[in-house]
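Here is a short report on one predicted model. It follows the fold first, then an interface.

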Protein chains: 2
Amino acid sequence: MSRERLVVIGGDAGGMSAASQARRLRDPDNLEIIALERGTHTSYSACGIPYWIGGDVSTMDDLVARSPEVFEQKYAIEVWLRHEALGIDLDRREVIAHDVEARVERRVAFDQLVIATGATPLRPQLPGISLPGVYGVQTLDDGAAVQAALRNSVRDAVVVGGGYIGLEMAEALVRRGLRVTVVEAGGHLMSTMDPDMAGQIVDAVRAMGITVRLADKVVAIEGESRVRAVRTESATLPADLVVLGLGVRPNAEIALEAGISCGPTGGITTDSQMRTSAAGVWAAGDCVETFHRVSHKPVHIALGTHANKQGRVAGINIGGGYATFPGVLGTAITKVCNLEIARTGLSSREVEAAGLSAVTASVESTTRAGYFPGATSMTTKLIAERGSGRLLGAQIVGREQAAKRIDVLATALWNGMTVEDIIGLDLAYAPPFAPVWDPVLIAARKAALAVIDDRKS
Amino acid sequence: MSRERLVVIGGDAGGMSAASQARRLRDPDNLEIIALERGTHTSYSACGIPYWIGGDVSTMDDLVARSPEVFEQKYAIEVWLRHEALGIDLDRREVIAHDVEARVERRVAFDQLVIATGATPLRPQLPGISLPGVYGVQTLDDGAAVQAALRNSVRDAVVVGGGYIGLEMAEALVRRGLRVTVVEAGGHLMSTMDPDMAGQIVDAVRAMGITVRLADKVVAIEGESRVRAVRTESATLPADLVVLGLGVRPNAEIALEAGISCGPTGGITTDSQMRTSAAGVWAAGDCVETFHRVSHKPVHIALGTHANKQGRVAGINIGGGYATFPGVLGTAITKVCNLEIARTGLSSREVEAAGLSAVTASVESTTRAGYFPGATSMTTKLIAERGSGRLLGAQIVGREQAAKRIDVLATALWNGMTVEDIIGLDLAYAPPFAPVWDPVLIAARKAALAVIDDRKS
């Protein structure tokens with residue numbers, strides 16, 4: 001094989017995982033690799049930004065897993081920073097990139113291309129949405145902008161959206177001494193959790209001194225040279241700083257314009273090997289649409305774990321190996337103050353949307369043996385298919401040591417286990433770690449009874 | 001059906017789970033239930049005894065999940081305390097029991113019988129082994145005896161055996177101010193772990209001020225009216241107190257004498273529904289032999305989780321329902337000082353004994369995102385079958401938040417996943433809970449490469 005060139009658009013998790021894996025299998029004589037990154041960082045943890053803002057993480061550099069220098073020196077991967085990809089010319093097999101520093105346009109030829117352009121925070125079409133002081137939190141540069149704003153005299157912050165990022169940012173800002181209000185359009189925080197699990201969450205958020213406005217909607221951002229207030233359907237909230245936590249959309253325009261297929265979620269579609277519809281063009285990370293293993297529907301879930309895995313798969317295949325990305329379960333976890341929150345699979349609402357029918361069971365139990373110091377209460381909810389008893393989803397809310405138990409349920413779900421099967425699992429027991437019936441198993445017992453009762457009725 | 005009588009021998013986890021489940025399905029008009037318990041407690045946590053001795057748990061009562069009064073009042077289950085079963089007369093369908101208080105023998109007729117006689121600490125045939133001051137730790141009364149000894153002036157303790165119970169008791173005794181020596185005949189502590197994982201364990205044990213003697217063997221216990229020293233192959237160790245941590249053997253004599261089948265491990269054999277070889281006679285808990293899902297061999301693993309599950313299964317079947325016990329993986333977890341230790345499936349030695357062949361991979365990674373406060377290092381070792389890549393076993397050693405991850409691997413093992421499959425699992429990620437590649441997944445990646453490399457060689 002003559003020397004090929006791989007170009008990667010996007011220097012974060014998806015792109016750089018692909019580049020590194022391809023390099024592991026093909027040396028520089030065989031494959032030249034160039035990564036185009038529009039910002040100034042590579043392979044960083046966007047998920048860590050709220051902890052940097054909140055002060056748990058001291059510097060931005062801590063969030064960088066691998067710098068451009070490491071990629072160049074250790075992996076022989078060229079990283080072109082401050083290069084924004086403007087288009088893909090599939091006929092000439094070139095990426096058109098804007099070199100922001102030099103202010104010139106470059107055409108970069110490729111044999112293989114990985115599109116890893118990430119996602120962008122949703123910005124609703126509202127008056128004032130573009131005012132300075134309104135931040136999305138997706139890149140390190142976004143985080144740096146919030147940090148810069150916090151160095152000025154800011155007192156009031158409004159977070160729009162009460163999901164993961166919204167609550168993590170609300171906590172960070174309260175820890176930085178701001179008065180924080182979260183405005184959530186839905187009836188409860190964390191719309192990916194069932195409403196009955198959300199009560200504990202809103203209590204924990206309010207206990208931190210955060211004001212929560214549920215079922216209220218932002219209608220405008222006010223201010224002149226800078227944001228000054230947020231107007232909702234029912235109030236005007238003073239705001240020196242606004243953080244958008246409304247989710248993200250895939251950055252797929254560049255692919256779409258080149259004629260590469262995107263799916264109903266707006267993400268780039270790929271096959272299991274992360275190939276797009278165009279020959280020699282791959283995609284990975286927050287810009288792609290993926291497959292939900294329970295609903296069997298396409299989904300767009302922007303998360304570093306998926307980006308890393310998809311990038312790895314693309315890179316192995318580009319490298320001449322074989323790997324596939326098996327889809328996702330929608331597993332997620334977060335911490336609000338000391339409340340741990342996790343979920344996997346389908347929520348009750350998603351069960352319905354998928355045309356499935358389920359019974360549910362919630363149990364209160366303890367993280368350790370009840371008599372062991374530090375044992376705390378946790379709630380585990382299981383959602384099981386009617387009739388079959390097949391696990392469809394699970395949710396956990398609790399304190400220390402509670403939420404990572406979701407991984408057991410994610411693994412059970414991955415393997416199509418029924419709640420009756422789960423009861424038998426040989427999970428680890430010792431008093432400092434679990435009651436003799438682990439909360440996961442207690443929940444499975446209750447769910448199995450619910451399945452039987454439902455069959456009788 | 002006319003009213004039947006269920007007799008249960010043994011008032012702890014296995015027996016009382018069976019009794020409660022049977023009661024749930026059959027009311028007192030339909031099923032009379034009598035439980036014979038030779039001690040004075042029901043449904044207690046033997047695993048909690050070291051924490052009671054060490055002071056984490058303040059009273060013995062904390063370890064009792066359900067008292068005899070609760071069983072009588074809430075479940076209409078008669079509990080006959082201080083009744084030791086001496087024999088089973090299968091022809092007359094009677095249990096012969098010794099009423100220790102009244103000093104009389106009683107014959108208790110049964111229609112259904114559950115044998116849940118538990119296990120007894122191994123006592124090697126050594127000179128002096130029966131001296132006062134030598135304790136096994138299996139029942140609450142054993143624990144009370146150690147507590148009583150600690151109220152006298154004791155300074156030196158020797159723990160014989162460096163497994164789970166031995167190390168938990170060694171830590172408890174050191175916390176009570178004793179000078180403690182652990183004598184282990186094998187070359188490393190925790191023989192159920194691979195030797196390469198055991199180095200961190202011995203370091204942690206020694207860091208607590210405990211003396212560890214590896215590859216040394218106790219040859220005699222010395223003393224006159226009471227233990228005074230322990231003689232090993234290479235030293236004589238002063239000892240006011242000796243704790244046996246050499247494992248347990250099933251209490252199956254009563255079954256064997258009645259002609260009920262026992263297996264090669266010495267435990268009572270049962271079918272999947274927990275039926276013994278005798279009609280209407282069931283068994284559950286530490287007295288039974290069970291099935292290992294990976295080695296496909298009979299094993300005797302005395303653990304509260306299995307006892308509870310087996311009792312539940314027996315009780316459901318006695319109650320007219322249907323349930324089966326699916327076997328075990330040998331999952332276990334413990335904490336030595338702040339070092340967490342866990343394992344599941346087969347160890348490298350057990351792989352060989354089962355006639356299997358494996359490759360292994362160990363990785364060091366962090367419990368949380370590397371940059372997140374409180375992230376600590378943990379070691380994850382996976383053992384995968386050569387060729388197929390099927391997971392055969394896993395071991396974890398680390399600090400806080402490390403070891404319960406074994407449950408993910410136990411669930412993967414339960415479902416026959418390969419290490420390649422495991423890489424794809426959608427496990428929960430957020431910086432306070434895991435790095436973006438969870439340690440389980442990093443280990444799976446390394447193991448998958450090891451499987452491929454082995455195929456090439």
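In chain A, 65% of the contacts with a separation of 6 or more join residues 24 or more positions apart; a contact means C-beta atoms, placed from the backbone, within 7 Å. Numbering runs from 1 along each chain as written, with chains lettered from A and ligands numbered from 1 in written order. The model is predicted: local features need pLDDT of at least 70 and side-chain atom pairs 80 or more, while totals for chains, interfaces and linings use all residues.

Buried residues make up 56% of the 457 in chain A (20 or more other C-beta atoms within 10 Å of a residue's own). The C-alpha atoms fill a box of roughly 65 × 55 × 40 Å along the principal axes.

Now the interface. In chain A, 48 residues contact 48 residues of chain B. Helix 10 of chain A gives the most to this side, with seven residues. Three elements of chain A each supply at least two residues (helices are DSSP runs of H or I, at least four residues; strands are E, at least two; both are numbered from the N terminus):

| Element of chain A | Residues |
|---|---|
| Helix 8 | 304-318 |
| Strand 21 | 332-336 |
| Helix 10 | 406-414 |

Helix 8 of chain A also packs with helix 1 (residues 13-25) of chain A: their axes come within 7 Å and cross at roughly 30°. Axes are lines fitted to C-alpha atoms over the stretch in contact, with angles from 0 to 180 degrees between N-to-C directions. Among the contact residues are A:Gly15 of helix 1 and A:Gly311 of helix 8.

Notes. Buried ≥ 20, exposed ≤ 12 C-beta atoms within 10 Å, placed from the backbone. Contact = placed C-beta atoms within 7 Å.
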